[in-house]
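Below is a short set of questions and answers on strands, a helix, cysteines and aromatic rings. Each answer ends on the value or name asked for.

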Amino acid sequence: MEKNSSCCFSNLSSNLPITCLITFITIFLHRVLNVIYRTGKPLGKRVSPQRPLSTLIVLGSGHTAEMINLLLVLRKERFTPRFYIAAATDNMSLQKARVLENSLADSSETKGLSAEFMQIYRSREVGQSYVTSVWTTLVAMAHALWLMIKIRPQVVLCNGPGTCIPLCVIAFFIKVIGIRRSSIFYVESIARVKRLSLSGLLLYKLRIADQFFVQWPQLQRKYPRAHYVGCLM
């Protein structure tokens, strides 16, 4: 009798880690599916229509000019404070963002609004080998995690630079584990007429973006979950 009890206890103990792992994976997958299901839905009734939303804005090289144009028509008092992020080697984009914020500060309707400017490591530099890019991608993901925990934005706004991928992935992961719900808005570049950019394709296929916008009708027909908004330039 004691021998049988000992065997049962031993089997139970040996199966416990496997049971815990299966339980964890099941809960995690349930959370992922729940987040995907809620993709595109409002932030929730707890967020007042007039309450400011902390906004993370991702800039990058040729995409910066388009983003600046988009920000010009944005309700600045609604999306504040604003956090601008660009690659560590992209000082020009942040300079353009500072010029924009300085011009906004001069207008009476936006006085008192705050903005911060940050940089993030690139996942991969132009011409960098794919072997070494594995390490730099891990570093970029760790840096993105630190920035997202520090900022905890309610809105992430991006339009194609590669630096947006680690930030959006981390924002999605944070939603999955329930720390913070960040709505990700992606606006595809006007230069993309027939097919999405790599960044856009990843966010679209993986259903990471809450709202996905394109500027050409043929793109919307090819990717039906996208929203056609016309040319924003």
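Q: Which residue of β4 does L56 stand opposite?
A: Strands here are DSSP runs of E of at least two residues, helices are runs of H or I of at least four, and both are numbered from the N terminus. β1 and strand β4 (residues 155–158) pair in the parallel sense over 3 bridges, where pairing requires that DSSP finds at least two bridges between two strands. In β4, the residue opposite L56 is V156.

Q: On what terms should the model and its numbering be read?
A: This is a predicted model, in which local features need pLDDT of at least 70, side-chain atom pairs count only at pLDDT 80 or more, and totals for chains, interfaces and linings use all residues. Residues are numbered from 1 along each chain as its sequence is written, and side-chain values use heavy atoms, with hydrogens and water left out.

Q: What is the bridge partner of L56 in β2?
A: Strand β2 (residues 82–87) runs parallel to β1, and 4 bridges join the two. The partner of L56 in β2 is F83.

Q: What is the handedness of the β-α-β crossover from β1 to β2?
A: The chain leaves β1 and passes through helix α2 (residues 63–72) to reach β2. A crossover is right-handed if, with the strands pointing away from the viewer, the path from the first strand over the helix to the second runs clockwise. This crossover is right-handed.

Q: Which residues of β1 point the other way from T55 and I57?
A: In a regular strand the side chains alternate between the two faces of the sheet. In β1 (residues 55–58), T55 and I57 point one way, and all four residues named for this strand are buried (buried is under 20% relative accessible area, exposed over 50%, partly exposed in between; 1.4 Å probe, protein chains only). Pointing the other way are L56 and V58.

Q: How many disulfides are there?
A: A disulfide is a pair of cysteine sulfur atoms within 2.5 Å. For C158, the nearest cysteine sulfur is that of C168, 3.8 Å away. The sulfur of C164 is 4.2 Å from its closest cysteine sulfur, in C158, which is too far for a bond. The count of disulfides is 0.

Q: How far apart are the end C-alpha atoms of α5?
A: The expected span of a helix is 1.5 Å times one less than its number of residues. For the 14 residues of α5 (residues 164–177) the expected span is 20 Å, and the model agrees. The end C-alpha atoms are apart by 20 Å.

Q: How many of the 14 residues of α5 are buried?
A: The buried residues of α5 include C164, L167, C168 and F172. C164 has a relative accessibility of 0%. The helix is mostly covered, and its buried residues number 11.

Q: Which residue forms a stacked aromatic pair with Y84?
A: Rings of Phe, Tyr and Trp (its six-membered ring) pair if their centres lie within 6.5 Å; planes under 30 degrees apart count as stacked, over 60 as edge-to-face and the rest as tilted. The pair with Y84 has 5.4 Å centre to centre and 15° between the planes. Y84 is in strand β2 and its partner is in strand β3 (residues 115–120), so the pair ties together parts that are 33 residues apart in sequence. The partner is F117.

Q: Which residue has its charged end over the ring of F117?
A: A charge sits over a ring if NZ of Lys or CZ of Arg is within 6 Å of the ring centre and within 35 degrees of the ring normal. Here the charged end is 4.8 Å from the centre of the F117 ring, and it belongs to R98.
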